[in-house]
Amino acid sequence: MGRVTERRKVLRIRDGAVSTRPDTLVAEEPLEIRLNGKPLAITMRTPGDDFALAAGFLVSEGVLATASDLQNIVYCAGATADGSNTYNVVDVKTAPDVTLPDFTLERNVYTSSSCGLCGKASLDAVRTTARWPIADTPPLRVTPELLASLPDRLRAAQRVFDRTGGLHAAALFSEEGELLDTREDVGRHNAVDKLIGRALQNDALPLSRTILMVSGRASFELAQKAVMAGIPVLAAVSAPSSLAVDLAAETGLTLVGFLRGSSMNVYAGQDRIALREPAAQG
């Protein structure tokens, strides 16, 4: 829809020299997600892949698990007082046999581009609703060398970041390191929802043989989304939160942080990391 970026005039100061010039900015607009016609959540996002974003959000919330759970997603026409379509409101219609948790019909929540779903309750939210327990059988095994290659490959796939410098990204890789899909958004959680939503639409859940790579830090919410999609490995270029580590340890998720160059910290699920055997001492 041509709304991923916008142009603004800026005052540029470089080494004392002053000039004005247009700058390319990443777009940020609200998206209201309705469930069967009823308002559910409002998230700040970069326009694009809105249907996948809504579907992925509902996977993370435990509402959808398979492609057959989803009947359709549409933009709501007449979303404004004058009847125009802003393309900022989507309605997700579930299949008739989908059981809706009570909480989804009793709240109207706001999610920001920085923190995702604000006020997310606790580990119980995942413990009680996860449809896809992490079950990579045989266990997925990845080498530190493969993990070390992922940040550069993620960065190379960030097309909009090159123009704006203002987007987060998330990518799915196979256990062999093949790039399967990548999404960008002003919010990391939205980029992950777009990946998971596309997988749901393609009937590819659970993502049990994949690695999720994210820019920035690994929050509890990102770990939760990985668990809800059955992803066994989550890697981030920055630090995880303490609650993300707790969730990973409890659910069996492998959580890697500070993935920079050949260095990384493995906070949980160390058994999936294929380490070299130490050299024998003569």
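Asp193 has a relative accessibility of just 1%, so it counts as buried; that label means under 20% relative accessible area, while exposed means over 50% and partly exposed lies in between (1.4 Å probe, protein chains only). The model is predicted, so local features need pLDDT of at least 70 and side-chain atom pairs count only at pLDDT 80 or more, whereas totals for chains, interfaces and linings use all residues. Residues are numbered from 1 along each chain as its sequence is written, and side-chain values use heavy atoms, with hydrogens and water left out.

**Exercise 1. A buried pair**

Find the salt-bridge partner of Asp193 and say which helices the two residues come from.

Solution.
- Step 1: Start with the rule, in which a salt bridge is a side-chain nitrogen of Lys or Arg within 4 Å of a carboxyl oxygen of Asp or Glu.
- Step 2: Lys225 fits, with its closest N and O atoms to Asp193 being 2.9 Å apart.
- Step 3: Place both residues: Lys225 is in helix H7 (residues 220-228) and Asp193 is in helix H6 (residues 188-201), so distant parts of the chain, 32 residues apart, are linked. Helices here are DSSP runs (H or I, at least four residues) and strands are DSSP runs too (E, at least two), numbered from the N terminus.
- Step 4: Check the cover on Lys225, which is buried as well, at 1% relative accessible area.
- Step 5: For a further look at charged residues, salt bridges with shared partners join Asp49, Asp181, Arg183 and Arg198 into one network.

**Exercise 2. Two more bridges**

Compute the N to O distances for Arg34 with Glu32 and for Asp50 with Arg45, then classify each residue.

Solution.
- Step 1: Recall that side chains of opposite charge can pair when their charged atoms come close.
- Step 2: Arg34 and Glu32 meet at 2.7 Å, N to O.
- Step 3: Arg34 has 24% relative accessibility and is therefore partly exposed, whereas Glu32, at 18%, is buried.
- Step 4: For Asp50 and Arg45, the closest N and O atoms are 2.8 Å apart.
- Step 5: Asp50 is buried at 1%, and Arg45 is buried at 0%.
- Step 6: Counting by the rule gives 10 salt bridges.

**Exercise 3. Backbone checks**

Which peptide bonds to Pro138 and Pro206 are cis, and where do these prolines sit?

Solution.
- Step 1: The bond from Thr137 to Pro138 is cis, with omega near 0 degrees.
- Step 2: Pro138 belongs to the loop between helix H3 (124-129) and helix H4 (144-156).
- Step 3: The bond joining Leu205 and Pro206 is also cis, with omega about 0 degrees.
- Step 4: Pro206 sits in the loop between H6 and strand E11 (210-214).

Now look at phi for Asp15 and Phe258, and add their surroundings.

Solution.
- Step 1: Asp15 is not a glycine, yet its phi is positive, about 55 degrees.
- Step 2: Asp15 is in the loop between strand E1 (5-14) and strand E2 (17-26), and is exposed at 87%.
- Step 3: Phe258, also no glycine, has a positive phi of about 50 degrees.
- Step 4: Phe258 is part of strand E13 (residues 254-260) and is partly exposed at 31%.
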